[in-house]
Amino acid sequence: MTQKGLIIQASARSEGDTNKVVNLLKAQTQFEVLDLNTKNINHFSYDFKNENDDFKSIFKHMVTNYDTIVFATPVYWYSMSGILKVFFDRISDFLYHEKDFGRQLRGMQMASISCNNNSLEIEGFNLPFIKTAEYLGMSYKGHLHTWTQKNTIDNEVNNRINNFAKQLLAKA
């Protein structure tokens with residue numbers, strides 16, 4: 001059975017360095033890509049006042065069509081991008097409202113990718129992904145740190161992406 005996956009790109013630049021990494025991973029996995037920068041996703045509201053933005057349809061499509069979700073984000077201030085943090089916050093919509101869709105996350109697989117301009121990994125960067133997967137009943141498949149230098153991806157990073165793709169496609 002083919003693994004059906006979605007790479008959620010969460011960068012302020014749709015064609016930036018993170019996109020270079022995403023495109024390589026897509027080529028290796030055949031996973032689809034969703035660019036959050038092209039969507040209208042508002043901050044979480046306890047009163048659920050955000051029903052007319054894009055999040056609800058994105059989330060429902062995500063949980064009903066994919067087995068694996070890969071979150072790809074640049075490193076902004078030692079953490080995930082703001083747009084990805086908002087996406088994570090909005091998952092709460094489906095924990096309190098339309099719970100049947102939120103429960104569909106259970107058993108799915110999650111992974112994360114970070115991208116910056118050097119090989120230095122930020123200690124604990126993947127902790128929010130690990131804990132979110134744990135809380136939602138998802139299987140965490142791991143984290144890949146990547147980098148670009150002078151707008152290019154070197155052989156070491158390319159090899160890391162290839163190995164990560166194999167890890168994502170391996171049977172659980």
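**Salt bridges, aromatic contacts and pockets in the predicted model**

A search of the whole structure finds 12 salt bridges. The model is a predicted one, and the contacts described below were computed from its atoms. Side chains of opposite charge can pair when their charged atoms come close. One of the salt bridges joins Glu 98 to Lys 60, with the closest N and O atoms 2.8 Å apart. Because Glu 98 lies in the loop between helix 4 and helix 5 whereas Lys 60 belongs to helix 2 (residues 55-65), this pair ties together parts that are 38 residues apart in sequence. Glu 98 counts as partly exposed, at 27% relative accessibility, and Lys 60 is likewise partly exposed, with a relative accessible area of 23%. The pair also belongs to a network of salt bridges in which Glu 51, Lys 56, Lys 60 and Glu 98 are linked.

Salt bridges are also found within single helices. Lys 85 forms a salt bridge with Asp 89, the closest N and O atoms being separated by 2.4 Å; both residues lie in helix 3, 4 residues apart, which corresponds to about one turn of the helix. Lys 85 has a relative accessible area of 42% and is therefore partly exposed, while Asp 89, at 27% relative accessibility, also counts as partly exposed. In helix 5, Arg 103 is bridged to Asp 100, and here the closest N and O atoms are 3.3 Å apart. Because Arg 103 and Asp 100 are 3 residues apart in helix 5, about one helical turn separates them. Asp 100 is exposed, with a relative accessible area of 56%, whereas Arg 103 is partly exposed, with a relative accessible area of 41%.

Aromatic contacts were examined next. The structure holds 12 aromatic pairs. Among them, Phe 71 and Phe 129 form a tilted pair, in which the ring centres are 6.4 Å apart and the planes are at 35 degrees to each other. This pair links distant parts of the chain, since Phe 71 lies in strand 3 and Phe 129 in helix 6, 58 residues apart. Both rings belong to buried residues: the relative accessible area of Phe 71 is 2%, and Phe 129 counts as buried at 0% relative accessibility. Phe 71 and Phe 129 are also members of one aromatic cluster, which further includes Phe 55, Phe 59, Phe 87, Phe 88, Phe 94, Phe 101 and Phe 125. A contact between a charge and a ring is found at Lys 4, whose charged end sits over the ring of Tyr 66, 5.7 Å from the centre of that ring.

Turning to the pockets, the largest pocket has a volume of about 240 Å³. The lining of this pocket is made up of Met 80, Lys 85, Phe 88, Asp 89, Ile 91, Ser 92, Leu 95, Tyr 96, Pro 128, Thr 132, Tyr 135 and Leu 136; Lys 85 and Asp 89, the salt-bridged pair of helix 3, are thus among the lining residues. Helix 3 (82-90), helix 4 (93-96) and helix 6 (127-136) each supply at least two residues of this lining, and helix 6 gives the most, with 4 residues. By class, the lining comprises 8 nonpolar, 2 polar and 2 charged residues.

The second largest pocket has a volume of about 150 Å³, and its lining consists of Phe 94, Leu 95, Tyr 96, Lys 99, Gly 102, Arg 103, Arg 106, Tyr 135 and Leu 136. Two or more of these residues come from each of helix 4, helix 5 (99-103) and helix 6. Divided by class, the lining of the second largest pocket has 5 nonpolar, 1 polar and 3 charged residues. Leu 95, Tyr 96, Tyr 135 and Leu 136 appear in the linings of both pockets, and Arg 103, the partner of Asp 100 in a salt bridge, is among the residues that line the second largest pocket.

Finally, the backbone was considered in the loop between strand 3 (68-74) and helix 3, where Trp 77 lies. Trp 77 has a positive phi of about 50 degrees although it is not a glycine. Tyr 78 is found in the loop between strand 3 and helix 3 as well, and its phi, near 70 degrees, is again a positive value in a residue other than glycine. The side chains are open to the probe at both positions: Trp 77 is exposed, with a relative accessible area of 77%, and Tyr 78 counts as exposed at 59% relative accessibility.

Conventions. Residues are numbered from 1 along each chain as its sequence is written. This is a predicted model: local features need pLDDT of at least 70, side-chain atom pairs count only at pLDDT 80 or more; totals for chains, interfaces and linings use all residues. Side-chain values use heavy atoms; hydrogens and water are left out. On a 1 Å grid over the protein atoms alone, a cavity is a set of points where a 1.4 Å probe fits but cannot get out, and a pocket is an open set with protein on both sides within 12 Å along at least five of seven lines; lining residues have an atom within 4 Å of a point. Grid points are joined across faces, edges and corners, and a volume is the space filled by probe spheres set on the points. Ala, Val, Leu, Ile, Met, Phe, Trp, Tyr, Cys and Pro count as nonpolar, Asp, Glu, Lys and Arg as charged, and the others, Gly among them, as polar. Buried means under 20% relative accessible area, exposed over 50%, partly exposed in between (1.4 Å probe, protein chains only). A salt bridge is a side-chain nitrogen of Lys or Arg within 4 Å of a carboxyl oxygen of Asp or Glu. Rings of Phe, Tyr and Trp (its six-membered ring) pair if their centres lie within 6.5 Å; planes under 30 degrees apart count as stacked, over 60 as edge-to-face and the rest as tilted. A charge sits over a ring if NZ of Lys or CZ of Arg is within 6 Å of the ring centre and within 35 degrees of the ring normal.
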